[in-house]
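The following exercises are to be worked with the sequence and the model at hand. Each task is followed by a solution in steps.

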Amino acid sequence: MNRIQELFARRGVKSIFASLLSIVIGLFIGLLLLFGFNAPYAVGGFFKILNTGFSSAYNFSKVLYQAAPLILTGLSVGFAFKTGLFNIGASGQYTMGAFFGLVAAIQFQLPWYVAVLAAMIGGAVWGLFPGLFKALFNVNEVITSIMFNWISLFLVNLLLANMPMMLANYWGAANPDRTASVATANSNALIPTLGLDKLLHSDYMNISIFLAIGVAVICYIILNKTTFGYELKACGYNRNASVYAGINAKRNIVLSMVIAGALAGLGGAISYLNGPVQYVIKKEILMMGFNGIPVALLAAANPIGIIFSGFFISYIQIGGNALQPEFSSEIINIIIAAIIYLSAVSLLIKELITRILRKKKKEELEALDQNGEGVAK
Amino acid sequence: MSEYIIEMIDITKEFPGVKANDDITLQIQKGEVHALLGENGAGKSTLMSVLFGLYQPDQGHIKIDGQPVEIRNPNDANALHIGMVHQHFKLVECFTVLENIILGVEPNDLGFLKKKEAREKVVSLSEKYGLSVDPDAVVSDITVGMQQRVEILKMLYRDNDILIFDEPTAVLTPQEINELMEIMRQFADEGKSILFISHKLNEIMAVADRCTVLRRGKCIGTVNTDDTTVEELSRMMVGRDVSFSVEKSETEIGDTVLSVRNMTASGASKKEAVRDVSFDVRGGEILCIAGIEGNGQSELIYALTGLDKINQGKVELCGQDITRATIRNRSKSGMSHIPEDRHKYGLILDFSLEQNLVLERYWQPEFQSRGFIKDGAVRQYAEGLIEKYDIRSGQGPVTDTRSMSGGNQQKAIVAREIDKNPELLVAVQPTRGLDVGAIEYIHKQLVAQRDAGKAVLLMSLELDEVMDVSDRILVMYEGEIVGEFDPDTTTVDELGLYMVGAKRQQAYQQKEAKA
């Protein structure tokens with residue numbers, strides 16, 4: 001008992017537990033919703049959410065495929081968050097990353113690593129502008145980055161419509177509304193699979209999940225072990241004090257947004273430099289960037305935590321897709337939203353845990369007192 | 001009818017690891033000004049939170065007018081006519097004075113505000129007690145002193161009989177403090193009961209009838225102020241004798257360390273807050289800049305330390321021109337800065353203590369190699385400073401800075417700034433909000449810097465501090481230096497005349513400018 005109490009007394013453990021608790025409660029709310037919408041199928045649907053991801057190697061490969069960009073957009077949001085910035089523009093940076101990556105791959109026929117680099121530059125540029133506006137003119141980064149989301153969407157659509165070589169019909173396919181399959185146009189630009197595709201019998205599978213995890217570890221090291229990370233966090237927690245200490249806060253704000261953009265851009269590249277996936281010209285902002293926000297929040301912006309929360313969000317999204325036709329797949333978004341709300345009140349949950357523990361301890365002491373053995377407190 | 005209006009009897013309140021209140025009894029008579037004295041962390045705030053129902057005591061009970069009561073939340077306290085002026089005001093900045101006063105108890109007809117009625121009550125109250133306020137002024141536009149009057153009016157508007165003032169004088173000018181004291185006496189004469197929380201002994205002696213002293217969560221005793229002395233109170237509060245006068249020996253005045261010539265700076269507002277200021281600070285002396293708040297001292301410091309731009313003029317530190325230097329370069333050239341607002345500038349409260357202790361040095365080779373912070377070196381350095389400067393905290397180097405007491409937070413800043421071994425130490429109100437023990441400590445540190453031949457530039461609003469610590473005094477009025485004084489040959493009253501602009505030494509500016 002005491003060992004458990006000591007474990008919970010540690011701050012990190014408490015936040016992990018709070019996040020897990022909010023996941024459980026959120027899933028329970030999801031179950032209630034399923035009962036509300038279509039009761040006879042509710043239990044079956046609930047188990048689909050819980051086990052689809054692991055039900056087959058193919059489904060698991062899709063969980064991993066989707067988890068990689070989620071982790072990266074989550075890192076993008078989380079990294080900026082540590083510097084006190086709310087990067088709601090991950091979606092636009094992701095879009096620009098996808099575009100730069102695809103242009104490098106298809107238009108210029110470059111190998112995958114160059115395409116990935118190009119994507120990071122594209123995302124970085126899209127993070128640079130809100131960063132500059134914030135640092136130089138103190139314009140709120142939320143507003144500029146939302147606008148940049150829309151600018152990127154229509155800019156990319158406009159450019160793609162005028163780049164015939166980029167589109168699928170140039171390469172012999174029927175549809176002119178999407179980019180060419182990278183597998184057809186330039187198989188050198190596909191993210192390497194290292195045989196993982198054979199292992200899981202899925203052409204979605206490649207090394208991108210390992211790239212994402214590696215990047216998360218690098219982010220963790222930057223934030224916690226380097227002077228640069230120290231400066232970034234200092235600016236995030238208290239900009240006045242960091243200026244007082246001689247830290248160049250403006251430079252750090254810009255750099256933080258540039259890095260956040262590059263992370264989201266990398267996410268865009270690994271989403272689309274993949275065999276079965278094509279970029280479809282739509283008039284809707286890509287949700288991947290916004291889904292990075294819950295990923296980051298659920299992990300309290302901790303890069304290592306983001307690996308797990310990205311995997312989790314991806315997992316229940318794949319489960320949610322399997323809910324059709326009995327339920328609409330959007331129900332999974334409601335569940336995710338519920339979990340995020342709950343993790344936002346995770347502070348309260350943490351407090352609750354503390355209180356329960358304290359009460360237990362007190363009861364134990366009292367019990368000891370009554371037995372006349374309460375000497376060593 | 002009981003002798004006491006409020007009785008808090010045998011109150012004990014425990015938090016994990018600390019007994020914040022240990023068997024404390026506080027009894028307040030009707031119509032008296034009762035002071036509650038104690039160092040930071042002695043348990044004053046906890047006791048007040050218990051009275052306001054924010055915390056439930058583990059043991060003990062509260063009686064109002066002899067009747068036992070249970071106070072579960074602030075509304076219960078309000079219903080018992082207990083009101084409080086918090087140290088940090090609880091005002092809605094963008095509301096008018098009137099709107100703030102009626103907030104929560106708005107007189108209304110079916111939800112429609114009856115502002116006229118409210119205004120009449122507020123105006124009559126403010127006239128009755130001489131608490132002049134403009135009911136239609138927006139709170140963010142009025143002075144701190146006036147904001148405090150708004151808080152007092154809030155209590156009066158609610159017909160509170162028990163008025164609690166939590167360190168009310170910390171933010172006021174000497175004149176405003178006198179006014180407040182008179183108002184408090186007036187309330188008491190009318191039969192209201194005042195609880196005055198403070199650690200300023202002179203104020204307690206001046207205004208309070210009785211005083212209860214807390215130390216480390218325990219009640220040390222309650223004394224009549226007529227029967228005691230400042231020395232005795234401070235001994236009760238700190239637990240040992242405290243020296244009030246600062247001991248200084250003669251030192252050699254060294255070379256000029258800081259030289260400021262014809263400096264003009266504007267600060268945050270557009271107007272010229274600092275106008276054509278020239279002065280020198282030399283090694284081995286403490287130069288003090290005195291003045292009433294808002295006469296350009298803060299802007300002068302911001303400009304000197306690099307937090308704001310200098311519009312005109314020239315600043316040299318040890319012969320180097322630093323007029324346009326970055327903050328980091330000023331620091332490298334030997335400037336240390338104990339800032340006015342330790343929470344806004346001095347510390348990153350979400351960092352641990354050790355991270356704050358290296359805030360200006362983390363980039364030095366001692367603490368990093370190739371961009372990676374040497375955790376071991378930081379820990380070792382922090383432990384050294386904690387020991388050397390007696391910084392007390394719950395968990396040593398890894399303590400959350402936010403959880404530390406104000407005095408120890410300030411000690412951490414002082415340790416960080418002095419340990420840089422600066423040629424010039426700029427200390428801005430370094431003892432603000434601290435208790436006598438910590439003040440004594442910080443004054444000693446300043447004097448030690450001077451004795452080591454370093455230059456110290458002290459800005460203070462407390463005239464006692466100015467007179468005690470400094471070797472030379474400059475008075476600022478409306479952005480200009482209006483006089484230079486030797487603390488041994490001048491008086492507080494003389495300084496006061498210059499501070500309010502009634503007198504000025506014409507010769508001063510020209511003399512320094514030529515030098």
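**Exercise 1.** Determine how many bridges join β16(B) to strand β17 of chain B, and in which sense the two strands run.

*Solution.* Step 1: strand β17 covers residues 320-321 of chain B and is joined to β16(B) by 2 bridges, the two running antiparallel. Strands here are DSSP runs (E, at least two residues; helices are H or I, at least four), numbered from the N terminus, and two strands pair if DSSP finds at least two bridges between them. Step 2: opposite E316(B) stands D321(B) of β17(B). Step 3: β16(B) and β17(B) make a hairpin with 2 residues between them, and C318(B) in the turn has a positive phi of about 50°.

This is a predicted model, in which local features need pLDDT of at least 70 and side-chain atom pairs count only at pLDDT 80 or more, while totals for chains, interfaces and linings use all residues. Residues are numbered from 1 along each chain as its sequence is written, and chains are lettered from A and ligands numbered from 1 in the order in which they are written.

**Exercise 2.** Place β16(B) in its sheet: which strands form the sheet, and in what order?

*Solution.* Step 1: β16 (residues 312-317) pairs with β13 (residues 256-265), both of chain B, in the antiparallel sense over 5 bridges. Step 2: L258(B) lies opposite L317(B) of β16(B), and S259(B) has E316(B) as its bridge partner. Step 3: the open sheet has 4 strands of chain B in the order β14-β13-β16-β17, with antiparallel pairing. Its edge strands, each pairing on one side only, are β14 (274-282) and β17 of chain B.

**Exercise 3.** Compare the expected and modelled spans of helix α15 of chain A, then state how far α15(A) is enclosed.

*Solution.* Step 1: the expected span is 1.5 Å times one less than the number of residues. Step 2: for the 19 residues of α15(A), 303-321, this gives 27 Å, and the end C-alpha atoms are 27 Å apart, in agreement. Step 3: 16 of the 19 residues are buried, so α15(A) is largely enclosed by the rest of the structure. A residue is buried if 20 or more other C-beta atoms, placed from the backbone, lie within 10 Å of its own.

**Exercise 4.** Assess the confidence of chain A.

*Solution.* Step 1: pLDDT is the predictor's confidence in each residue, from 0 to 100. Step 2: chain A has a mean pLDDT of 86, with 89% of its residues reaching 70 or more. Step 3: over residues 372-377 of chain A, pLDDT stays under 50. Where pLDDT is low, the predicted coordinates should not be read in detail.

Terms used: Buried ≥ 20, exposed ≤ 12 C-beta atoms within 10 Å, placed from the backbone. Contact = placed C-beta atoms within 7 Å.
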